Amino acid sequence: MLPTPEEKHKIQEATICNPYLPLGSAEQFFMMLSSISELPARLKLWIFKLDYENMQKTDSITRVSKVDFEELSNNIAKIEVDCKESWDHLKAIVKHDGPTQIKLNVFQ
(Lines give C-alpha, C1' and ligand atoms only; values in the text may rest on other atoms or scores of the structure.)
Protein backbone atom coordinates (compact mmCIF):
# COMPACT_ATOMS: atom_id res chain seq x y z
CA MET A 1 0.00 0.00 0.00
CA LEU A 2 1.59 3.21 -1.16
CA PRO A 3 0.72 6.62 0.29
CA THR A 4 -1.45 8.82 -1.88
CA PRO A 5 -0.44 12.43 -2.54
CA GLU A 6 -3.39 13.50 -0.36
CA GLU A 7 -2.16 11.39 2.57
CA LYS A 8 1.35 12.78 2.19
CA HIS A 9 -0.02 16.33 2.12
CA LYS A 10 -2.11 15.76 5.28
CA ILE A 11 0.90 14.37 7.16
CA GLN A 12 3.02 17.34 6.07
CA GLU A 13 0.30 19.77 7.18
CA ALA A 14 0.05 18.07 10.58
CA THR A 15 3.82 18.29 10.98
CA ILE A 16 3.77 22.01 10.19
CA CYS A 17 0.86 22.68 12.58
CA ASN A 18 2.42 20.63 15.40
CA PRO A 19 6.21 20.70 14.91
CA TYR A 20 6.95 19.40 18.42
CA LEU A 21 4.60 16.43 18.17
CA PRO A 22 6.45 13.40 16.72
CA LEU A 23 4.86 11.42 13.91
CA GLY A 24 3.52 7.97 14.60
CA SER A 25 5.28 4.96 13.15
CA ALA A 26 2.74 4.57 10.33
CA GLU A 27 3.09 8.23 9.33
CA GLN A 28 6.89 7.99 9.46
CA PHE A 29 6.72 4.89 7.27
CA PHE A 30 4.45 6.66 4.74
CA MET A 31 6.81 9.63 4.57
CA MET A 32 9.77 7.32 4.06
CA LEU A 33 7.96 5.50 1.24
CA SER A 34 6.99 8.76 -0.43
CA SER A 35 10.64 9.87 -0.42
CA ILE A 36 11.74 6.93 -2.60
CA SER A 37 11.88 7.94 -6.25
CA GLU A 38 9.94 5.71 -8.68
CA LEU A 39 8.83 3.36 -5.90
CA PRO A 40 6.06 1.64 -7.91
CA ALA A 41 8.50 0.99 -10.78
CA ARG A 42 11.09 -0.37 -8.34
CA LEU A 43 8.56 -2.72 -6.73
CA LYS A 44 7.30 -4.00 -10.09
CA LEU A 45 10.87 -4.61 -11.25
CA TRP A 46 11.60 -6.51 -8.04
CA ILE A 47 8.48 -8.67 -8.48
CA PHE A 48 9.49 -9.41 -12.07
CA LYS A 49 12.96 -10.48 -10.93
CA LEU A 50 11.53 -12.84 -8.32
CA ASP A 51 9.00 -14.29 -10.77
CA TYR A 52 11.70 -14.76 -13.40
CA GLU A 53 13.94 -16.59 -10.93
CA ASN A 54 11.04 -18.90 -10.03
CA MET A 55 10.36 -19.56 -13.71
CA GLN A 56 14.00 -20.57 -14.21
CA LYS A 57 13.82 -23.01 -11.29
CA THR A 58 10.74 -24.74 -12.72
CA ASP A 59 12.14 -24.81 -16.27
CA SER A 60 14.04 -28.05 -15.69
CA ILE A 61 10.88 -29.72 -14.36
CA THR A 62 8.96 -28.61 -17.45
CA ARG A 63 11.53 -30.15 -19.78
CA VAL A 64 11.04 -33.59 -18.23
CA SER A 65 7.25 -33.60 -17.91
CA LYS A 66 4.47 -33.46 -20.47
CA VAL A 67 3.96 -29.91 -21.68
CA ASP A 68 0.65 -28.16 -22.20
CA PHE A 69 1.63 -26.07 -25.21
CA GLU A 70 -1.21 -23.60 -24.76
CA GLU A 71 -0.11 -22.91 -21.20
CA LEU A 72 3.51 -22.70 -22.34
CA SER A 73 2.53 -20.21 -25.03
CA ASN A 74 0.63 -18.09 -22.49
CA ASN A 75 3.61 -18.17 -20.12
CA ILE A 76 5.99 -17.05 -22.85
CA ALA A 77 3.64 -14.22 -23.85
CA LYS A 78 3.40 -13.11 -20.20
CA ILE A 79 7.18 -13.18 -19.81
CA GLU A 80 7.57 -11.07 -22.95
CA VAL A 81 5.11 -8.44 -21.69
CA ASP A 82 6.71 -8.45 -18.23
CA CYS A 83 10.19 -8.05 -19.73
CA LYS A 84 9.12 -5.04 -21.78
CA GLU A 85 7.41 -3.44 -18.77
CA SER A 86 10.45 -4.12 -16.59
CA TRP A 87 12.68 -2.39 -19.12
CA ASP A 88 10.40 0.68 -18.92
CA HIS A 89 10.48 0.55 -15.10
CA LEU A 90 14.27 0.36 -15.14
CA LYS A 91 14.48 3.40 -17.44
CA ALA A 92 12.22 5.37 -15.06
CA ILE A 93 14.34 4.40 -12.06
CA VAL A 94 17.60 5.29 -13.79
CA LYS A 95 16.32 8.80 -14.59
CA HIS A 96 16.12 9.58 -10.87
CA ASP A 97 19.26 7.80 -9.67
CA GLY A 98 21.77 10.08 -11.37
CA PRO A 99 24.77 9.10 -13.48
CA THR A 100 25.53 5.51 -12.61
CA GLN A 101 26.92 2.58 -14.53
CA ILE A 102 23.38 1.26 -14.98
CA LYS A 103 22.36 4.52 -16.62
CA LEU A 104 25.29 4.30 -19.01
CA ASN A 105 24.40 0.71 -19.94
CA VAL A 106 20.65 1.33 -20.34
CA PHE A 107 20.94 4.16 -22.82
CA GLN A 108 23.65 2.69 -25.06
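**Close-up views of a predicted chain**

**View 1. H89 tucked away on helix α4.** With a relative accessibility of 16%, H89 counts as buried, because buried means under 20%. Keep in mind as you look around that this is a predicted model. H89 belongs to helix α4, which covers residues 69-97. Which residues is H89 in contact with, once its neighbours within four places in sequence are left aside? They are A41, K44 and L45. Find α3 (39-64) to see where to look for these partners.

**View 2. I93, another residue of α4.** I93 also sits in helix α4. Is I93 buried or exposed? Its relative accessibility is 8%, so I93 goes down as buried. Skip the neighbours within four places in sequence, and I93 is in contact with E38, A41, R42 and L45. Compare that with the previous view: A41 and L45 are also in contact with H89. There's a nice lesson here about sequence versus space, too. I93 and L39 are 54 residues apart along the chain, yet 8.3 Å is what separates their C-alpha atoms.

**View 3. K91, on α4 and partly exposed.** Stay on helix α4 and pick out K91. How is K91 classed at 29% relative accessibility? It counts as partly exposed, because that label covers whatever falls between the buried cut-off of under 20% and the exposed cut-off of over 50%. Now look across to A41, which is 50 residues away from K91 along the chain. From C-alpha to C-alpha, K91 and A41 are separated by 9.3 Å.

**View 4. E38 and its positive phi.** You've already met E38 as one of the contacts of I93. E38 is found in a loop, the one between α2 (25-34) and α3 (39-64). What is the phi of E38? It is about 55 degrees, a positive value, although E38 is not a glycine. Here's why that may catch your eye: most residues other than glycine have a negative phi. E38 has a relative accessible area of 29%, so it is partly exposed.

**View 5. Where α1 meets α2.** Helix α1 is made of residues 5-17, and its axis comes within 10 Å of the axis of α2. The two axes cross at roughly 120 degrees, so the helices are oblique to each other. The crossing of α1 past α2 is left-handed. On the α1 side, the contact is made by E7, K8, I11 and Q12. On the α2 side, look for E27, F30, M31 and S34. Sorted by class, the contact has 3 nonpolar, 2 polar and 3 charged residues.

**View 6. Q28 and M32 on α2.** Q28 is in helix α2, and M32 is found there as well. Q28 has a relative accessible area of 46%, which means it is partly exposed. M32 is partly exposed too, with a relative accessible area of 46%. What lies across from them? Q28 and I11 are 17 residues apart in sequence, with 9.0 Å between their C-alpha atoms. For M32, try P3: the pair is 29 residues apart along the chain, and their C-alpha atoms are separated by 9.8 Å.

**View 7. Zooming out to the whole chain.** How many helices does the chain have? There are 5 helices, alongside 0 strands, so from the N terminus on you can read the elements as α-α-α-α-α. The chain has 108 residues, and buried ones make up 14% of them. Think back to those pairs that sit far along the chain from one another. Among contacts between residues at least 6 apart in sequence, 56% join residues at least 24 apart. The accessible surface of the chain comes to about 8,800 Å², with 62% of it belonging to carbon and sulfur atoms.

Terms used:
Residues numbered from 1 in each chain as written. Predicted model: local features only at pLDDT ≥ 70, side-chain atom pairs only at ≥ 80, totals over all residues. Heavy atoms only, no water. Helix = DSSP H or I, 4+ residues; strand = E, 2+ residues; numbered from the N terminus. Buried < 20%, exposed > 50% of the residue type's maximum accessible area, 1.4 Å probe, protein only. Contact = heavy atoms within 4.5 Å. Areas by Shrake-Rupley, 256 points an atom, 1.4 Å probe, with all protein chains shown as cover. Axes fitted to C-alpha atoms, helices over the stretch in contact; angles between N-to-C directions. Parallel < 35°, antiparallel > 145°, perpendicular 65-115°, else oblique. Left-handed = near helix turned anticlockwise from the far one by under 90°. Nonpolar A, V, L, I, M, F, W, Y, C, P; charged D, E, K, R; others polar.
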